[in-house]
Structure formats: structure tokens, C-alpha cells
Amino acid sequence: MSTHNVNPNGDEHAVVPHGEHAVVPADPIADPGLHHDEPRLTDVDKKAERRAERQVAGMFALASLLTVAFIVFYVIVGIHPDDPDDGVNIGDVQVSNLTLGLTLGLALFLVGAGAVQWARSLMSSPEVVHERHELRGDDETRAAALADFETGTEETGFGRRKLIRNSLLGALALLPLPAVILLRDLGPNTGPSPSERKEHTIWAEGVRVLTDVTFMPIRAADLEIGQLVNAMPATFEDLPEHGPERINERAKSPVMLVRMLPEDIHVAPGRENWGVDGILAYSKICTHVGCPISLYEQTTHHMLCPCHQSTFDLSDNGKVIFGPATRSLPQLPIAVDSEGYLIAQSDFTEPVGPSYWERTR
Amino acid sequence: MSAIVNGAGKVVDFVDQRITASNWLKRNIRKVFPDHWSFLLGEIALFSFIMILLSGVFLTLWFKPTMAHVVYEGAYVPMRDVGMSEAYASTLEISFEVRGGLLMRQVHHWGALIFLAAMSAHMLRVFFTGAFRKPREINWLIGVVLLVLGVAAGFTGYSLPDDLLSGTGLRIIEGGMLAIPIVGTYLSSFLFGGEYPGDDIIARLYPMHILLIPGLILALVTAHLMILWYQKHTHWGGPGKTNTNVAGAPFYPIYVAKAGGFQFIVMGVIVLLAATIQINPVWLWGPYDPSVVSAGTQPDWYVGFLDGALRVMPPWEFYIFDHPVTMSVLIPAILLPGIILTPLALYPWLEQKATGDTREHHLLDRPRNVPVRTGIGVAFIVFYILLWIAGGNDFFATILEIPVNWITWFIRIGIFVLPPLAFFATKRICLGLQRRDRDKVMHGRETGIVMVSPEGEFSELHAPLSQAQAYQLTWHERQLPSDPGPATDANGIPNPNYRSKRVQARLSRFYFGDVVQKPTREELESAHHDGHGAESAHRDELPSGQQ
């Protein structure tokens, strides 16, 4: 394939490189050649030149002043309270942020603007034209390079000594494996598999349902119709404060208690006794990608995930009615204990949260 | 002045006696750099990256990348006695107990937003002007990788403070990983060190964010600039500016002063933004709690299109041997980035294949002169913006006062309908602009002066263009679709390559078939000779100001 360029000067029959049969007609206008810029005001007028000089120097001087001002503000605008018990005053932090930022930002800006102004108005700037060199090496060099490479390859005998070559390739192919295997212990190496861990929460038979935030047990009568309460299992409080279990359960176990008129509830077969007087408990973890769900519309019993707007109908077994989620919100079967508090009948009957490969229908 | 020269001279002399620096300097110190506003976009990306590095180093001096549980007792009273990770507590410390700490946090975050915006704009500039063509394909590829690394840097950084928003972002990442067939749960378990969120992830993201990713970015930026330096910058055509030369200002002093100054201007603007516009006030969000999320929260802008794709997917899931394959997550979170990045990375080669053009190009294309490429670019922008709108569908629903489901449905349909429409509309507009350029060259500029001939004929007076003006509209190459040639040669022997040539010819017709060609010399001459007697006759009578 030819590397011939279409002649910008419009030769009669320049050849299009890709189609040997096409003929390019002549260009209509010949290149008039480089156009030279008019002299700038600062090039011809001494006064304008001195004014530009003062402008540039003025910007640099102002930048120095602002840098000094930055240091002054750093010292005089305190953010540390006199009495540590008082805590920080947000207003002080904002004043500090504003004064430090404005002085530093303007100082930087002025140094830059001064330099650009200097280049534009005072540095003599003839337009320079350089020829481009061809990027491809010339044929002689390419041939020489290839010959050198072949000589080297010949000297190793890489092509001839197949036993050495293949054993080397084999060894090199295996060597990355340790690097991969070493990463194995990024995940836990004992206990249940990742998917098995997903199948269980700390909900279990008889575990009391506690309100979130205050961690108080809940009686059926505490909930009004239309109300929604975020809740956690009582066993959550027993988890150690340090270590990951607590926050991991926080990501799996939260439920929402809602109470609605029993006649509004469409109960799926097998779930007839999962609620208590119109109180139902659903997982708070969205089955789409796991955001905690939070926007409840009482009149329709619709629950909307604020992340991606999956919408679930809590009066219809948590069925998806809009959005990208593919499966219903898991429902927690609940009952009442001897003291009248809400308890779980069991753990969730299916994994909470997003779909994953190992889970079954 | 001479003192400076003498001082510099001594340094150069020292270096030269050891590594022959004079040789390199002689060739490069007056290297030509062409000037155009659009060439500054890449500089903004580079300079904001430097600002991110500087502010980032400052932040590492206080930030504690660990999820160890602490009870906050610092200066910010509303959070006292709240349990949180050390990462979040140290972020509060930087914000409230280190003077200038909040400023540097905001500089770092603003810098990141601008870095990604500038890279994206730079990439669009390179695309629409054809600057990716041979010999610059390598730099295009490096640019694509840099964009991906930039997003990775941004996302890992977003996750580090361990506030409510960053944790929610990670949770969505986990949901995306779980959707990957067969290995999803294991990948998630390796990343988080067990169940989500565990107490490892911050410590694991930290070295990615401060070492690995910025190190790769720095290395690739260096390669990007070295290649740019070696190949010389592209430039716009025009009088005296051809495919075989480069016209502009010398590197030293003009380019050094302008680009060096611009560095300070970019840094200054970022600091001014950080001083005046609050960004990511993590003390308001609170520490991460997996059971809490606030409505209406948005990711940083560069992740918005992915979040939008997650939002608008219909609930599509099927089973392979009783194992769920959740396409509603797999497509947007895993497949979409590949669907976007693969053609983006390969575009220079795809276009080369279609047009059959394998020559070096150093002159930029005006977007109108390659209508199909410009149309493809605009179609992609429309596609991206639709997903981006989807990422803020709740926000748009609120301001437009319509149900969020309507917006979701609009995007679900629009994502298939609007990009092709944008392609055709853009192509038409480009062809119209080309036609106008051609008319200008053929008949001159419309003056708005209408003449009545003695016969009562009305005609508008056209002022001819100067040679430079006319050349400005015609320096681009004439783009002709390639011709596959005859299927058989003169002796009736079939050409064995005819099939592939015909496919290639069809593709090049897609690119160039509708292009409005600039006039040929003959066409121009005949336009001046007949039919437009009025304009040439009156050419001399125009006031000189209108010529």
C-alpha cells in the first residue's frame, strides 16, 4: 500500500492510497503560504510595552502579597477551641477554609496569569515552522535491525534447541501461579464458604425484634396501622463491639416492621401465620444490589429503594413491582412471645440481599 | 540576565560532560508547539493530576486507613461518643483539627472531578478532530487506559473516608460482583476479606489509591508525553501548514511560559473552588452504617452513567441449571463498561479498516469534514448523557414533578432510539455545513446586498474570498470511498481478494459516500466564468471594508 500523500498543492492526479483505481481531482486553491502575524501593540508602542511590563510585575507582586496573607490567616484564624471540651466551631473552620483558599488560590492564579501575559505580550514570538521527520525508520536501518536480531536469535539457538525453549516457556508459564495463589488468603480460609455465609443471619426462633436506634423490644400494640419501624434482632446486642461481625450483621439482618389492615394483605400460600395482626417483617436489604431500602408509601404499601428505585409491594409478599430488582424482598416470619413481644419464628427462609450464583430458586 | 545564563550554563556544562545533554537540548529546546484552545484540555488533565498528587500527599500525613472501631472523642461535637472506623475519625480530624486540612480535602476532591472531566473532554477533542489516527494510535490507547485508571482512582478515593456515601458505593460494587456467574461470591469474599463489609476493605483500597493506581497513571502519563514529544503535536491546516510540517511557538520560552503559567492557573482555580464551594461534607453524612441510606444521594459524576444503567435495567434474570444469572445487574455493572471501552479503545483501527487509510496524519480534521465519525461521536455522547440522566432520575423526577418511573421508561426506550437519531441529525448538519463551505468557495461570501439588473432580475452580491480564506476551507483532503475494482481481470480471472475489497469499499462508502466534496479546480473556474457575471462584474465596486 502506497504511503503517498494527497498533494496539498493540488497536483492534477494525486492517487488515493487505498483505492488504486480512484483518481483524486485537483484541489481548487493553492496554498498561499504561511501568513505572518501583524506586530502586537507592545512590539511597536514603547508605552504599551511598559504598561504590559507593569501589569505582569503587578500580578507577580500581588501574588507575593497574597502568599504572605495566607501565612497571616493561617496564624490568626484559629480553629482549635480554647477549651477542648467545647469542640470545634464550624464557622471558624469555614472562615479558615475561605481565607486560606482565597489567598492561596488567587496567588497561584496570579502567578499563572502573569506568566501567560508575559508570554503573550512581551516575549517575542515568531511563528516557527519545523518539518516533520518520517516516523518509520528507513529501509536500511530496518534491515540492519532485523539482521542484528536474527544474528542474536541465531546465537542463542532458540529456534534449534527446542528442548530448552519449551522447558523455559513451561517454567515461565507456571511462575505467575504463586502470585495468584498467594492471594488466596485474602478471603477467610476456614469455616463456611462465601455462599454458605450468605444463607444465614442471626435471626432465629424466639429472637426478639428490637427497634433500631433504641434497641427496645416491641409489642404488637406499639405499632399503628400505616407505621413502619426499623428493627434488629436482639442477638445483635451480644456481638462484640470490635471486629467485623457486628457491622457484617448490620449489613444482613436489618428488617422493617410494617403494620397494615389485615384485609389489605395478600398472603401467599404457606405464609398464612407469618404476620401478627397485620404486622409483617421484611428484610431491609434490597435484592437488587444490597442498598438498605427506606422510602415507604403507606397508602399503597410500596417500598422504594433510594439507590436504584426498585419498588416492592409489602402487602403482596414483597413482590417487585418496578425497577431492576429481580426477586421479592425476603419476609421474616414473626410471632408473639409469652410476654407479648414480637419474636422471629425462625431465620429468613431464603438468603437476603442480591442474587448470586450458588443460591437456588 | 547573564547571571542566569551563566548559572544555567554551569549546570548544563556539568550534565553535558556526563551525558551529552547539549545534543538533546539543541534538538529540543526550540521544539515547535502549535497553539489552539482545544489543545489545553489535556493540559488541564495533567495539571489537575499534579494538584491531586500534592494535596493527596498532604492528606496521607493524617489519614488512618483502618476500619478499627473507635468511639469518637474529637473536636466535632455532634459525632462525639459515636462509634466509627478510624478512617472516618481521621477524616473528621483532617477536616476540623488540621488548619488547611478541609481545604486540602476539598482541593483533592475538586481536583479529581476536574481531572476526569478534563480527560473526557480531551478525549472527545482527540476523537472529533481525528488526532487518534496513525501514527497516534498508541497514545489513544494509553489515553483510554488512563481514563479507566482515573475512574478507579476516583472511586477508591471516594470509598476511603468510610462515610455513609462511600460505604453505599462499595455495597453496590459488592452487589455487582455477586452477579458474576460461578465466582461472584468468592471474588466478593476475597475483596472484603469475608462477608461484606468486613474490616479489611479500607486498608486494601488504600495502597491501590495512593500507590498502585497513581503510579500507573504517572508512568502512562510520562509515556503519553514522551510519545507526543517525539511525534510532534498535530496542528490545524491552513496557509503554510501542511501534513509534513508543524507551525507554532518554540518550546522555550513561549510554550514553557504559557503552559507553566497555565499550570498555576489550573491549580489556582481548583483551590478557589475548594475555598468557595463545599464538596463531600462527610461530617454531615455520618459514619458508614450498612442499614442506613439517605435518599437523593448521588455518586461522583464520572460513575453516574454506570449507576444510571443499573437504575434503568428491567428486572431480567434467568437460570442455568438452577443457578441465577442476574442480567439486570450483569449487563450494566459488568458488561456495559466492556461494551463501551472495547470499541472506544479499538476505534482508530476500526476506522482504518473501514476507510482503508493507513497513512500518517498530522493535520486535524474539522469535525464537519468527517460527518460519519462526528455522527458516531455525538451518538455516543447522547447514549452517555441518557445514562447519566438515568443516574439522576430521582433528581429529575423531583424538579420536573413527574413520576420517576416515567423517566426510567423514557431512558429505556430512548437509549435505543435517540443515539441513532443523533447520528443521522449530526451527519446531516455536518453535510449542510460542508455544503455551505463549498458554496462559499465557489461563489464567495453573501454580502446581503441585493442588486436589480436593468432587466429586473434580482441577484445577491457575493464577495469573493481571499486566497487565504478560500484555502482555509479547502486544505482538507478529498475523501473518496475506495473502489473495489473489477471482480475479474481483463482475462476473466476472478480477483481472489474481491470479496474483502468489496466489504471494505462498502464500509468506506458508509464513511465517505455522502461527503460533500470541495470543488475541483475546474468546477471553481467554471463557477467564476459563467452564471455569476453579476458578482464578478461588481466585485471591484464593493467598499473595501466588505471584501
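Which strand of chain A pairs with β4 (residues 209–211) of chain A, and over how many bridges? Select residues 228–233 of chain A: this is strand β5(A), and β4(A) pairs with β5(A) in the antiparallel sense over three bridges. The model on screen is a predicted one.

**Stop 1: β4, β5 and β6 of chain A**

Show Thr211(A) and look across to β5(A), where Ala231(A) stands opposite. Keep Ala231(A) selected and add residues 255–259 of chain A, which are strand β6(A). Four bridges join β5(A) to β6(A), and the two strands run antiparallel. On this side, Ala231(A) stands opposite Val255(A) of β6(A). Ala231(A) thus serves as a marker for both pairings, with Thr211(A) across from it in one and Val255(A) in the other.

**Stop 2: the sheet β8 to β11 of chain A**

Move on to the open sheet of four strands in chain A, whose order is β8-β9-β10-β11 and whose pairing is antiparallel. Select 295–297 for β8(A) and 319–322 for β11(A): these strands stand at the edges, each with a single partner strand, so one side of each has no neighbour in the sheet. Looking across the sheet, neighbouring strands are turned by 30° against each other on average, direction ignored.

Now select the inner pair, β9(A) at residues 302–304 and β10(A) at residues 311–313; three bridges join these antiparallel strands. Within this pair, Met303(A) is placed opposite Phe312(A) of β10(A).

From β10(A), go to β11(A), with which β10(A) pairs in the antiparallel sense over three bridges. Thr311(A) stands opposite Phe322(A) in β11(A). The two strands form a hairpin with five residues between them. In the turn, pick Asn317(A), which has a positive phi of about 60°.

**Stop 3: where chain A meets chain B**

Colour the chains separately and display the contact between them: 101 residues of chain A are in contact with 114 residues of chain B. On the chain A side, the elements that give two or more residues are α3 (90–121), β3 (128–131), α7 (194–198), α8 (245–250) and β11 of chain A. Select α3(A) to see the largest share of that side, 19 residues. By class, the chain A side divides into 56 nonpolar, 31 polar and 14 charged residues.

Next, select β3(A) together with residues 245–250 of chain B, which form β4(B). Four bridges join these two strands, which run antiparallel. Here His130(A) stands opposite Val246(B) in β4(B).

**Stop 4: α5 and α6 of chain B**

Stay with chain B and select 101–128 for α5(B) and 137–159 for α6(B). The helices pack at an angle of about 160°, with their axes 10 Å apart. That angle makes α5(B) roughly antiparallel to α6(B). Their crossing is left-handed.

Show the contacting side chains. From α5(B) these include Phe115(B), Leu116(B) and Met119(B), and from α6(B) they include Trp140(B), Leu146(B) and Val151(B). Gly143(B), Gly150(B), Gly154(B) and Gly157(B) of α6(B) also take part in the contact. Counted by class, this contact has ten nonpolar, four polar and no charged residues.

**Stop 5: the domains of chain B**

Zoom out to chain B as a whole. The domain assignment gives domain 1 (41–232 + 246–285) and domain 2 (444–546). Colour each of them: the C-alpha centres of domain 1 and domain 2 of chain B lie 49 Å apart.

Key
Residues are numbered from 1 along each chain as its sequence is written. Chains are lettered from A and ligands numbered from 1 in the order in which they are written. This is a predicted model: local features need pLDDT of at least 70, side-chain atom pairs count only at pLDDT 80 or more; totals for chains, interfaces and linings use all residues. Axes are lines fitted to C-alpha atoms, for helices over the stretch in contact, and angles run from 0 to 180 degrees between N-to-C directions. Angles under 35 degrees count as roughly parallel, over 145 as roughly antiparallel, 65 to 115 as roughly perpendicular and the rest as oblique. A crossing is left-handed if the near helix is turned anticlockwise from the far one by less than a right angle, and right-handed if clockwise. Two residues are in contact if their C-beta atoms, placed from the backbone, lie within 7 Å. Ala, Val, Leu, Ile, Met, Phe, Trp, Tyr, Cys and Pro count as nonpolar, Asp, Glu, Lys and Arg as charged, and the others, Gly among them, as polar. Two strands pair if DSSP finds at least two bridges between them. Domain bounds come from an automatic or database domain assignment.
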